[in-house]
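This report describes the ligand sites of one model and a few features away from them. The sequence and structure come first.

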Amino acid sequence: MTLERNIKIKNYINSLFVGEDVEFKKVKAEGMKESIPDIHVPSNVGKLLSLLVRMKNPQRVLEIGTLIGYSTSWIASALKPPAKIITLEKVERHSEIAKENLTRLGLVDFVEFRVGIALELLKEILQKKEAPFDFIFIDADKQNYPKYLELCLQLSQPGCVIVSDNVIPKDPEIGKASENDADAQGIYTFNQMIATNPKLTSIIATTIVGDKGRVDGIGISLVS
Ligand code: SAH
Ligand code: DHB
Ligand code: MG
């Protein structure tokens, strides 16, 4: 289903607010060369991320799901030294391309790339008692979103902003996942958690993504 009106709204918003840098476009092109899935955030979400980062001015950022560094680039472009972003990715080749991309953009000094299974890397950060984060972007495998949230809460300092991508699953039915859809189940459980956890004040901002005008959501949570 193509939602013409949504496409027009998305294009309108982008034309007003999202001046995507030529260099950022190259970041996406790098991924396309090796047929890496084209599942980075859309440019409007990139702009939203960079704006939230500028508002918060975080010192320690965590990203779960690097892919080829497109969202990392938007976030890093909004950081001020000595702030750092640690970004987690299970596919080594993705992380390598991301590093090349961030280097080309002159942003690599902001970024620490870690390769591995995110749940394991997060537990390692906890065990090593690394300093807590004040901005977190969750954007990896959807079925693990509830576990990511639990660990991220342990890794957050008060005032931390937790942003989560793709919190409106693609299924036609809204608010309830079908039995065999582990990703949608993960997302709906996660949404329930950010809505009801007394330590969090949250909202889902709807976004229009892709070339068919699909509505998705970005979770935004403030840790108290
Ligand atoms: N944030 C990126 C997109 C991430 S796509 C952007 O917007 O530009 C999701 C990424 O998470 C993929 O690269 C995938 O390899 C990675 N991923 C999936 N499951 C993972 C896991 N269990 N641990 C670490 N990374 C994972
Ligand atoms: C898809 C999109 C995403 O932003 C993501 O993180 C994972 C998958 C998708 O469109 O399939
Ligand atoms: Mg995503």
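The magnesium ion (ligand 3) has Asp-139 (OD), Asp-165 (OD) and Asn-166 (OD1) as its protein donors, at 2.0 to 2.1 Å. Donors are N, O and S atoms within 2.8 Å of the metal (3.2 Å for Na, K and Ca); water is not among the atoms, so sites may look incomplete. Along the sequence, the donor residues follow the spacing D-x25-D-N. Asp-165 is buried, at 4% relative accessibility, and Asn-166 is partly exposed, with a relative accessible area of 23%. Here buried means under 20% relative accessible area, exposed over 50%, and partly exposed in between (1.4 Å probe, protein chains only).

This is a predicted model, in which local features need pLDDT of at least 70 and side-chain atom pairs count only at pLDDT 80 or more, while totals for chains, interfaces and linings use all residues. Residues are numbered from 1 along each chain as its sequence is written, chains are lettered from A and ligands numbered from 1 in the order in which they are written, and side-chain values use heavy atoms, with hydrogens and water left out.

Ligand 2 is surrounded by Ile-39, Asp-139, Lys-142, Asp-165, Asn-166 and Lys-170; a residue counts as near a molecule if one of its heavy atoms lies within 4 Å of it. Around ligand 1 there are 21 residues, and the closest are Val-41, Gly-65, Ser-71, Glu-89 and Asp-139. The table lists polar contacts of both ligands, a polar contact being a pair of N or O atoms within 3.5 Å.

| Ligand atom | Protein partner | Distance |
|---|---|---|
| Ligand 2, oxygen | Ile-39, backbone | 3.2 Å |
| Ligand 2, oxygen | Lys-142, side chain | 2.9 Å |
| Ligand 2, oxygen | Asn-166, side chain | 2.8 Å |
| Ligand 1, nitrogen | Ser-71, side chain | 2.8 Å |
| Ligand 1, nitrogen | Lys-90, backbone | 3.1 Å |
| Ligand 1, nitrogen | Asp-139, side chain | 2.8 Å |

The protein covers 92% of the 580 Å² of accessible area that ligand 1 has on its own. For ligand 2, which exposes 290 Å² when taken alone, the protein buries 69%. Accessible areas come from the Shrake-Rupley method with a 1.4 Å probe.

Away from the ligands, Leu-88 is part of strand β2 (residues 84–89), a strand being a DSSP run of E with at least two residues and a helix one of H or I with at least four. Leu-88 is buried, with a relative accessible area of 2%. Tyr-12, in helix α1 (residues 4–17), is exposed, with a relative accessible area of 53%.

Technical notes. Polar contact = N/O pair within 3.5 Å; in protein donor to acceptor, adjacent residues only side chain to side chain.
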